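Here is a short tour to read with the model open beside you. Have the sequence at hand as well, and take the topics in any order you like.

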Amino acid sequence: MKDNHVLEMRNIHKSFPGVKALQGVDFTLCEGEIHALMGENGAGKSTLIKVLTGVYEKDEGQIFLKGIDKAVAIRSPQDAQRLGISTVYQEITLCPNLSVAENMYIGRTEGMLQNWKKMNTDADKILQSLDIPAKAAQQLSSCSIAVQQMVAIARAVDMDCKVLILDEPTSSLDDNEVQKLFKLMRELRERGVGIIFVTHFLDQVYEVCDKITVLRDGKLVGEYEIKELPRVQLVSKMLGKELDDMSDIRSEQAVYDKEDAGESAFEFEGLESTEGIKPFDFYIKKGEVNGFTGLLGSGRSECVRAIFGADRVIGGTAKKNGKTIKINKPIDAMKNGIAYLPEDRKIDGIIGDLSVRENIILALQVMKGFFKPFSKAEAYQFADEYIKLLGIKTASADTPIKSLSGGNQQKVILARWLLTHPEYLILDEPTRGIDVGTKIDIQKLVLKLASEGMSITFISSETDEMLRTCSRLVVMRDRKVVGELTGEDLTQNKIMGTIAGGDME
C-alpha cells in the first residue's frame, strides 16, 4: 500500500445465483479524501459496500487497510467496526427515544452508561469539536434528520474510524441541512478520515468530493480526479454511452409539435410532494407519449407518483381538459382516468398469492367498490380478454401470479390498468428485468395505444428505449426539472448534456 492509502480493495468478485454482482473491482481510498462511489441501479455499489462492511463475504479478492501488513478478513459488520470501518446509512439506525449521548455510546463502552456525567461530558466535547448543533442530554427525536445523521457520524468518528461510509446521507435533507453535513464532512477530511460518499446527486458530488469511482454492470469503469471529469463525461460513463459513438435510433413516428397538438389533456402546475422534489409544471396532450428522464434518484419516479397521488402532495394544482380537479390519493386519480404502473412490480404491483384473474380485475374492482363484486362470469371474461390481448403466458387465469415470469407479471399489471380504460397511462420502468421479446411487445403496445388517443408517460433507465417511444422528454436532475427536449433535440448527446447541466466539454 502507498503511504497515503487508508484502504485498498483489489480484484473483488461477488456472485449470486445467476448474477455476477462484482467482477474484478478495484477501489482505493486515501487519507483525508472524500471519494464518490457512483453508478446506476445494478452497477454494484451496494454490493461493494456490503463486502467492505462484512454484510457479504467476497468470492475472491483482497482488502488492505493502513497499518495492517496483510490482507484483512471482514466476515461481519462487527469485524469492520473493529478495523475502523463505519457506515452511516440513509435510514437513521439510532434509537430516537434515547438521548444523543446514549446513542453515541450504547453497546460499546462498558460502564459508560452507568457514569452519566462522564458520558454526557465526553459526548458534549465531541459534538462541540465537530460543531454539531446538539446537546448530549437532549432526546435524539427532538433533533432534525440532518442532526441525527451528524450524531451517527459523531458516533462513528469517536470509535476511531479510518474509513467512513456515507450511504445516500443527503436524500432526506433540505439544502441548508446538506450544507451543514458538508461542513462536517470537510472537517473530518481535514482530520485525515477517508470518506466514501455514495450518492445520486451530481451537484453534490462536484461540490464536496475529491475523486469519483464509477461502476457499471458490476465492473470498474474507472477512478477519476473530480477536476478531470466533466459532468457530461461522468453521465456517459455511468450510462455506458460514449459521446462520439451515438446514433439516433428514434423510430419513424411523427415528432410532437406543441403548437399543432391542441389542448392539454392533463396539466399540473407547481406540483410538490413530501418526497423532496422541487415544484414542477407538467402537461400531456391527447395521444402523446412523453417521458421523464434522468439518472437514478433524479426524481423522475417521485414526479409521476405525485401526479397519481401515490405520495402526499403538499402543493400545486391539477387540471383535466382545462377544468381543475383534486388528486389527493390514487383513487382520485383513477376516477379521473389516470392509471399508474409502478416502478417496483414486486412491492407495489403484484399481489403474489392472488391469481392472474384476481390481479387483473383488482383496479376496476376498487373503482367499483368491494361491496359490488363482479360476477364470476364477468371476472373470467375480463381476464381471458386481456390474457389474449397481451399474450400473457399462463396455464390459466386461476394460476397464482407469483408463478409467472417477470415479463408476464408485468403484462398482468398492464392488463389491470388497461381494463379501467384510462385516458392517461403512466408506465414507470415497464420493461425492467424482462426479456427482449416482451420489451418490444410493450413498446409496440404503447405506440398503438397512443395512436388510438391515449396519453402515455413512459419512464425507463434505458435511454434508447425512451428515444424509441417518446416524442417529448422532461429531463430531471437532483429532484428538479432542468429541461425539456423535443424534435431534433431528442438525442443521446442532448439528454446527457442536459442531465449534466449543459457542460459539454
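The notes below go through sheets, strand pairs, a helix contact and cavities.

This is a predicted model. Among its features are an open sheet of three strands, another open sheet built from six strands, and two cavities of 30 Å³ or more, found in a search of the whole structure.

**The three-stranded sheet**

- Start with the strand order, which reads β2-β1-β4, with antiparallel pairing.
- At the edges sit β2 (19-30) and β4 (60-65), each of which pairs on one side only.
- From one strand to the next, the twist of this sheet averages 10°.
- Strand β1 (residues 5-16) runs antiparallel to β4 and is joined to it by five bridges.
- If you would like a spot to look at in that pair, find glutamate 8, which stands opposite phenylalanine 64 in β4.
- Helix α1 (residues 45-52) lies across β1, β2 and β4, and its direction is at about 115° to β1.

**The six-stranded sheet**

- Here the order is β15-β16-β17-β12-β18-β19, the sheet is open, and the pairing is mixed.
- The edge strands are β15 (338-341) and β19 (480-486), and each has pairing on one side only.
- Its twist averages 20° from one strand to the next.
- Helix α14 packs on this sheet, where it touches β15 and β16 (424-428), and its direction makes about 170° with that of β15.
- Within the sheet, strand β12 (residues 289-293) and strand β18 (residues 472-477) run parallel, with four bridges joining them.
- Look for glycine 291 here, as it stands opposite leucine 473 in β18.

**Pairs around β13**

- Strand β13 (residues 313-320) pairs with strand β10 (residues 264-273) in the antiparallel sense, over six bridges.
- Phenylalanine 268 has alanine 318 in β13 as its bridge partner.
- β13 also pairs with strand β14 (residues 323-325), again in the antiparallel sense, this time over three bridges.
- In β14, threonine 324 is the residue that lysine 319 stands opposite.
- The hairpin of β13 and β14 has two residues between the strands, and asparagine 321 takes a positive phi near 50° there.

**Two helices together**

- Helix α12 (residues 356-368) packs with helix α14 (residues 406-418) at an angle of about 35°, and their axes are 6 Å apart.
- The crossing of these two helices, α12 and α14, is right-handed.
- On the α12 side, the contact is made by Val356, Asn359, Ile360, Leu362 and Ala363, while α14 brings Val412, Ala415, Arg416 and Trp417.
- By class, the residues in the contact of α12 with α14 are seven nonpolar, one polar and one charged.

**The cavities**

- Rolling a probe the size of a water molecule over the atoms shows where empty space is left.
- The largest cavity has a volume of about 60 Å³.
- Its lining includes Glu40, Leu239, Arg300, Glu462 and Met466, and by class the lining counts four nonpolar, five polar and three charged residues.
- The second largest cavity has a volume of about 50 Å³.
- Among the residues lining the second largest cavity are His200, Phe201, Met476, Arg477 and Asp478, and by class its lining has five nonpolar, four polar and two charged residues.
- Gly294, Leu295 and Ile499 are worth finding on screen, since they line the largest cavity and also line the second largest cavity.

Methods: Residues are numbered from 1 along each chain as its sequence is written. This is a predicted model: local features need pLDDT of at least 70, side-chain atom pairs count only at pLDDT 80 or more; totals for chains, interfaces and linings use all residues. Side-chain values use heavy atoms; hydrogens and water are left out. Axes are lines fitted to C-alpha atoms, for helices over the stretch in contact, and angles run from 0 to 180 degrees between N-to-C directions. A crossing is left-handed if the near helix is turned anticlockwise from the far one by less than a right angle, and right-handed if clockwise. Contact means heavy atoms within 4.5 Å. Ala, Val, Leu, Ile, Met, Phe, Trp, Tyr, Cys and Pro count as nonpolar, Asp, Glu, Lys and Arg as charged, and the others, Gly among them, as polar. Two strands pair if DSSP finds at least two bridges between them. On a 1 Å grid over the protein atoms alone, a cavity is a set of points where a 1.4 Å probe fits but cannot get out, and a pocket is an open set with protein on both sides within 12 Å along at least five of seven lines; lining residues have an atom within 4 Å of a point. Grid points are joined across faces, edges and corners, and a volume is the space filled by probe spheres set on the points.
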